[in-house]
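Biologist: I have a model open and want to learn how to read it. Where should I begin?

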Amino acid sequence: MINTILRNIIRFIVLVLVQVLVIKNIELGIFINPFIYVLFILLLPFETPKWMLLLIGLFLGLTIDMFYDTIGMHATACVFMSFLRPSVLNWFSPREGYEYGMHPTIQYLGIPWFLSYSAILVFSHHLILFFVEIFRFSETPSTLLRVLISSLFTLLLIVVSQFLFNRKKEEE
Amino acid sequence: MRNLFLFIWRNYFIFLFFILESLCIYLVVQNNYYQHASFLNSSNQFAASILETSANIKEYFYLKDVNEKLAKENAELRGKLFVSFALTTNNIRTINDTTYHQKYTFTSAKVVNNSTNRRNNYLTLDKGWKHGIKNNMAVFTSSGVVGQVKDVSENFCTVMSLLNSKTTISSKIKKDGSYGPLSWDEGDNFNTATLHDIPTHVRLAAGDTIVTSAYSLTFPENIMIGTVENFERKSGQYFYTVKVKLSTDFKKLSHVFVVNNMMKDEQEELEKKSESDTKNNQ
């Protein structure tokens, strides 16, 4: 239990630092803005209470907002994503349900499951984020394009990082 | 009543979601409309110190560029020194000059955080109210306009970059003085902006210089913004929409100047007064 909490705290710090110190500085134009820090919400254990999920989302979002000077925007997107997570987990649950001790990773549930699970959540996060950022509907087509391309890049980074992370685990 | 509580308790997840989400939206909206110093931005000590360390490391990679630029600027300034003007006539009278007095003061600052790839971009500088920085001061570099100070803390300030959907800068075409608002619209990238409302009788050409106009309270007149890239007249409009190539390279910002308009308060007060007078007379 304590091990899980500690691991999540470390993951939180590492992902936030990677996001604000590395990815924020890689500027590939206004259409490609990956936000890999959402991986933290994706990887929270199945047993996380729902209310805690929302509060964690709020806290994560506000932390990122602090560095991006976008007060409230990432928080809005993260809270929305945390809100969707339990329902998405329900839709994709295996016939026997999730076993105790399982984690929502490629390692436990396979690539197709993980991709569809994270694609929906990442897309909804980016959708809310970019629309709250622009705060008007007049630029909808270009905003949607930004959402799509950025989501693809985030997914790519998430899957790659998952492979790196998992391999390490097997060696341990 | 008991049923109501039961209902809320059973659906606490949705209620909590709505409460938190409205809190977030409230923060966003409040930040959009009021320009007051908010606590949760990168000018607070914790975030700024992390970003400053990162900027310090990054700065080493640009040392050569910065040096070249400084050397060039030094040379330019040296050219303007009194000693570099040769005396061409003996007919010079010395005047104890009271006709000019200083209107602008400048503070140099270092960029510790910057972005160019979002719809609303901001910068963080390493100067705060301790160094005399106030809200709405103009920020520029030797190559052109950068933006406007948004929030100030003790040691840092955040700047709304020109690359922001909320930016408007009153600017003019240098050669004939026709002016219009410059903004960063949909479809602009990190080195272009759009100038609106230029009347069609103006003879524009690609390469014309765009500078800040005298009608802005924040920016001094004649600061370089960029050059005309192309222009078009949308059907049914009597104005040109001009695409401007910005002269500032927003990807390489490291040192900037912050401008303090010392007569701003005076002008603002006067304008407010005449505005309220007209209102009273109506």
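What follows is a short dialogue on reading the two chains, the barrel, the interface and some backbone angles.

Modeller: One caution before we start. This is a predicted model. Now take the inventory of elements, chain by chain.

Biologist: How many helices and strands does chain A have?

Modeller: Chain A has seven helices and zero strands. Its order from the N terminus is α-α-α-α-α-α-α. Of its 172 residues, 37% are buried.

Biologist: And how many helices and strands are there in chain B?

Modeller: Chain B holds five helices and 12 strands. Here 29% of the 282 residues count as buried.

Biologist: What share of the contacts in each chain joins residues at least 24 apart?

Modeller: Take the contacts between residues at least 6 apart in sequence. In chain A, 68% of these join residues at least 24 apart. For chain B the figure is 61%.

Biologist: Now the strands. Which strands of chain B make up the closed barrel?

Modeller: Start with the general idea. Side chains in a regular strand alternate between the two faces of the sheet. In this case, six strands close into a barrel in the order β6-β7-β8-β11-β10-β9 of chain B, with antiparallel pairing. On average, neighbouring strands of this sheet are turned by 40° against each other, direction ignored.

Biologist: How many bridges join β6(B) to β7(B)?

Modeller: Five bridges pair β6 (residues 168–173) with β7 (residues 179–183) of chain B, in the antiparallel sense. To check the register, find B:I169; its bridge partner in β7(B) is B:L182. The hairpin of these two strands has five residues between them, and B:G177 there takes a positive phi near 80°.

Biologist: What does β9(B) pair with on either side of it in the barrel order?

Modeller: β9(B), residues 209–212, pairs with β6(B) over three antiparallel bridges. B:I173 stands opposite B:I210 there. Three antiparallel bridges also join β9(B) to β10(B). In that pair, B:T209 faces B:T227.

Biologist: How many bridges join β10(B) to β11(B)?

Modeller: Six, between residues 224–232 of β10(B) and residues 239–246 of β11(B), again antiparallel. B:N230 has B:K243 as its bridge partner. B:F231 stands opposite B:V242. These strands form a hairpin with six residues between them, and B:G236 in the turn has a positive phi of about 85°.

Biologist: Those two turn residues are glycines. Which residue of strand β8 in chain B has a positive phi although it is not a glycine?

Modeller: The general rule is that most residues other than glycine have a negative phi. B:D197 departs from that sign, with a positive phi of about 60°. B:D197 lies in β8 (residues 192–199) of chain B. It is partly exposed, because 14 other C-beta atoms lie within 10 Å. B:N222 also has a positive phi, near 65°, and is not a glycine. B:N222 is found in the loop between β9 and β10 of chain B.

Biologist: Is B:N222 buried or exposed?

Modeller: Exposed, because B:N222 has 12 C-beta neighbours inside 10 Å. The cut-off for exposed is 12 or fewer.

Biologist: Can you show me a case in chain A?

Modeller: Take A:V14, in helix α1 (residues 2–22) of chain A. A:V14 is exposed because it has 12 other C-beta atoms within 10 Å. Its C-alpha atom is separated by 9.7 Å from that of A:F40, 26 residues apart along the chain.

Biologist: Let us turn to the interface. How many residues of chain B are in contact with chain A?

Modeller: 32 residues of chain B contact 30 residues of chain A. On the chain B side, α2 (12–33), α3 (45–59) and β2 (120–125) each supply at least two residues. α2(B) gives the most, with 12 residues. The chain B side divides into 13 nonpolar, 14 polar and five charged residues.

Biologist: Last feature. Which residues have the most contacts inside the largest nonpolar core?

Modeller: Nonpolar side chains tend to be buried together in soluble globular proteins. Here the largest nonpolar core has 87 residues. Those with the most contacts inside it are A:Y37, A:V79, B:L125, B:V139, B:V159, B:V244 and B:V256.

Biologist: What does A:V79 touch, leaving out residues up to four places away in sequence?

Modeller: In chain A, A:V79 touches A:L54, A:G57, A:L58 and A:G61. In chain B, A:V79 touches B:F17, B:L20, B:E21 and B:C24.

Note on methods: Residues are numbered from 1 along each chain as its sequence is written. Chains are lettered from A and ligands numbered from 1 in the order in which they are written. This is a predicted model: local features need pLDDT of at least 70, side-chain atom pairs count only at pLDDT 80 or more; totals for chains, interfaces and linings use all residues. Two strands pair if DSSP finds at least two bridges between them. Helices (H or I, at least four residues) and strands (E, at least two) are DSSP runs, numbered from the N terminus. Axes are lines fitted to C-alpha atoms, for helices over the stretch in contact, and angles run from 0 to 180 degrees between N-to-C directions. Two residues are in contact if their C-beta atoms, placed from the backbone, lie within 7 Å. Ala, Val, Leu, Ile, Met, Phe, Trp, Tyr, Cys and Pro count as nonpolar, Asp, Glu, Lys and Arg as charged, and the others, Gly among them, as polar. A nonpolar core is a set of buried Ala, Val, Leu, Ile, Met, Phe, Trp, Tyr and Cys residues joined through C-beta atoms within 7 Å. A residue is buried if 20 or more other C-beta atoms lie within 10 Å of its own, exposed if 12 or fewer, and partly exposed in between; C-beta atoms are placed from the backbone.
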